[in-house]
Amino acid sequence: MLLFRRKRLLLASAGCVILMLLTPTHGSSNPEQSYKMAQPLELTPKLSLQLKLHAFLLWSSVGFLMPIGVLLIRASSNVKSTKGVRFLFYCHVASQIVAVALATAGAVLSISNFENAFNNTHQRIGLALYGFIWLQPLVGFLRPDRGVRTRSAWYLAHWLLGVGVCVVGVANVYIGLHTYQERTGRSARPWTLLLTVEVAALAFVYLVQDRWSYVVRQQEEDAAALGDERREGSTMYPANDYKEVVVVP
């Protein structure tokens with residue numbers, strides 16, 4: 001029930017954020033501004049390299065490392081050894097630190113080299129993401145100890161913020177590829193297909209993790225039941241190992 005509520009809350013929050021960011025502003029009704037936005041982008045070799053680097057940095061951050069970090073920390077709940085849990089936790093922390101660093105580099109690159117009117121969907125979502133990406137590690141470092149009353153509220157906020165950043169971040173990568181294709185006239189279909197395959201694989205692993213503990217528990221119960229049946233069978237039908245006695249007259 002708690003997992004179902006968290007999923008509903010995530011979907012509702014992500015939908016509200018996307019609708020809010022997609023709502024047009026009054027500044028976009030300026031004809032001169034709209035004409036400027038509709039003009040094709042003159043793609044110089046330097047600008048092309050900067051766009052590709054920006055796309056790679058943001059994809060590797062919100063499109064790869066952050067989802068991997070979510071899967072790592074979820075996998076730790078199915079690990080029984082303390083060393084394994086600690087290893088996965090540190091991998092989670094390292095992946096998120098690198099993801100924040102890459103996103104920061106992508107933000108610096110876009111702010112210093114691109115047009116930043118923030119009058120299109122991709123830039124507006126990106127600006128909001130930069131803030132949430134920096135907020136997430138701060139929430140993580142403020143983690144309360146186990147047993148504290150605020151622990152459950154912190155966990156829900158940290159989980160919701162982390163998964164929300166991944167979902168909206170991947171959506172913004174799709175929007176960025178679409179914007180690149182519109183402004184440059186170059187096809188982004190191969191990259192879109194590759195991103196879709198990656199997202200499908202990550203989503204599959206995420207969903208399997210919800211049932212993996214159940215599958216492992218069922219296998220253990222089946223193995224225990226099979227062992228009990230074998231022991232009962234050996235008790236009901238003991239081995240015929242008596243010795244034959246021969247009477248000599």
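**Exercise 1. The cavity lining**

Task: Which residues line the largest cavity of this predicted model, and which elements give two or more residues to the lining?

Solution:
- Start with the count. There is 1 cavity of 30 Å³ or more.
- Take its volume. The largest cavity holds about 40 Å³ of space.
- List the lining. M66, Q96, I133, Q136, G162 and V165 line the largest cavity.
- Assign elements. Helix 5 (121-141) and helix 6 (151-184) each give two or more residues to this lining.
- Sort by class. The lining of the largest cavity has 3 nonpolar and 3 polar residues, with no charged ones. Gly counts as polar here.

**Exercise 2. V93 in helix 4**

Task: Is V93 buried, partly exposed or exposed?

Solution:
- Locate the residue. V93 sits in helix 4, which spans residues 82-113.
- Read the accessibility. The relative value for V93 is 24%.
- Apply the cut-offs. Buried means under 20% and exposed means over 50%. V93 is therefore partly exposed, at 24%.
- Add a distance. I73 is 20 residues from V93 along the chain, and their C-alpha atoms are 9.1 Å apart.

**Exercise 3. The nonpolar surface patch**

Task: Which residues make the nonpolar surface patch, and where is W212 found?

Solution:
- Name the members. F204, V205, V208, W212, Y214 and V215 make the patch.
- Give the area. The nonpolar patch covers about 550 Å².
- Place W212. This residue is found in helix 7, residues 189-236.
- Check its exposure. The relative accessible area of W212 is 45%, so W212 is partly exposed.
- Test it against the patch rule. Patch residues need over 30% relative accessible area. W212 has 45%.

Note on methods: Residues are numbered from 1 along each chain as its sequence is written. This is a predicted model: local features need pLDDT of at least 70, side-chain atom pairs count only at pLDDT 80 or more; totals for chains, interfaces and linings use all residues. Side-chain values use heavy atoms; hydrogens and water are left out. Patches are made of residues with over 30% relative accessible area and no salt bridge: like charges are joined within 9 Å, nonpolar side chains (Val, Leu, Ile, Met, Phe, Trp, Tyr) within 5 Å. Accessible areas come from the Shrake-Rupley method with a 1.4 Å probe; for residues, only the protein chains shown count as cover. A salt bridge is a side-chain nitrogen of Lys or Arg within 4 Å of a carboxyl oxygen of Asp or Glu. Helices (H or I, at least four residues) and strands (E, at least two) are DSSP runs, numbered from the N terminus. Buried means under 20% relative accessible area, exposed over 50%, partly exposed in between (1.4 Å probe, protein chains only). On a 1 Å grid over the protein atoms alone, a cavity is a set of points where a 1.4 Å probe fits but cannot get out, and a pocket is an open set with protein on both sides within 12 Å along at least five of seven lines; lining residues have an atom within 4 Å of a point. Grid points are joined across faces, edges and corners, and a volume is the space filled by probe spheres set on the points.
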